[in-house]
Amino acid sequence: MPLGFIGLGVMGTPMASHLARAGHAVLGWSRSGRNHAAARAAGVEVREQLHDVFAACETLILMLANDDAIDSVLDRQGSAFGERVRGRLLINMGTSSAAYSQALGEQIRAAGGRYVEAPVSGSRVQAEAAQLVILLAGTDADLAVAAPLLAPMGRPTVCGGSVPSALRMKLAVNLYLITLVTGLAEAVHFAEAHGIELERFAQVLNAGPMASEVSRIKLDKMARGDFAVQASITDVHKNSALVAAAAREAGMHAPLIEASDALFAQAEHAGLGALDMAAVLEVVRAGPGAAGRR
């Protein structure tokens, strides 16, 4: 049976392409159609009608932008929901709240389907290189099916529990990533304010123990003013809001993610949403009250 892949965006297109190159028959669909040519070139059989993907596939991978997109694709509030999930394994690789994913999984199972959480750690660079860390949660039987299917895209890692343990792990990882890049932007601005050449700053930071693949990539983008998207401001703000909300629900003090979330909200309001998360540097430079300015 072919695999269905729904959501051929910045991340989804290279992910589906790796599955096709690994020998899977992949039927893909997306709402925008922007990346259809690239997907076809990699061996993905793109379908124009969503129904055709559901009709042909027993296993479907969802890599969609948000909860509304998932609800729409599954017709979650409509009459087609049962038909779309019954007898099928749905693998959700997007990021949502733990509560949303848990409720979705329960509804799918109640309708006779199966559900696996598989959010990923990584951005477009890791997706293109098949180096995503894939976090998995679900029943043992479903994970035994899902893990080898997803392996061509990266490194599947079972989070040790049922839904929504994978998403909780993803949010914990994202807290570190988002505050890391926000702190890096502030450090770059600090260096600029004190007349330090960014090339020299990068040499020192990259040579030391604090350097990482993320810091090297994002620092290079900040230094060059290259904000071509890997992980967009809009997507990161969605994630920072989810992390901040989850922290508040747990009753924990989380000042760093709260501050980072406010900065990414400011960046999105300033019209920077389509740029890479490194562009948060622009609002750090602009200072308070810069929302709406570019």
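Strand β5 (residues 89–92) runs parallel to strand β6 (residues 114–117), and the two are joined over four bridges; here, strands count as paired if DSSP finds at least two bridges between them. Helices (H or I, at least four residues) and strands (E, at least two) are DSSP runs, numbered from the N terminus. The model is predicted, so to speak of local features requires pLDDT of at least 70, and side-chain atom pairs count only at pLDDT 80 or more, while totals for chains, interfaces and linings use all residues. Residues are numbered from 1 along each chain as its sequence is written, and side-chain values use heavy atoms, with hydrogens and water left out.

Within this pair, L89 sits opposite R114 of β6. Between β5 and β6 the chain passes through helix α6 (residues 98–110), giving a right-handed β-α-β crossover; the term applies if, with the strands pointing away from the viewer, the path from the first strand over the helix to the second runs clockwise. On its other side, β5 pairs with strand β4 (residues 59–62), again in the parallel sense and over four bridges, and L60 faces L90 of β5. These strands belong to an open, parallel sheet of six, ordered β3-β2-β1-β4-β5-β6. Its edges are β3 (45–46) and β6, each of which pairs on one side only.

Two helices can be placed against this sheet, where contact means heavy atoms within 4.5 Å. Helix α6 lies across β5 and β6, at about 160 degrees to β6. Helix α8 (residues 140–150) lies across β1 (3–6), β4, β5 and β6, at about 55 degrees to β6. Such angles run from 0 to 180 degrees between N-to-C directions, and axes are lines fitted to C-alpha atoms, for helices over the stretch in contact.

Farther along the chain, helix α9 (residues 165–193) packs with helix α12 (residues 233–249) at an angle of about 115 degrees, their axes being 9 Å apart. The contact involves K170, L171, N174, L175 and I178 of α9, together with V236, N239, S240, L242, V243 and A246 of α12.

Two backbone details complete the picture. V163 and P164 are joined by a cis peptide bond, with omega about 15 degrees, and P164 falls in the loop between β9 (154–158) and α9. D75 is not a glycine, yet has a positive phi of about 50 degrees; this residue lies in the loop between α4 (67–74) and α5 (81–85).
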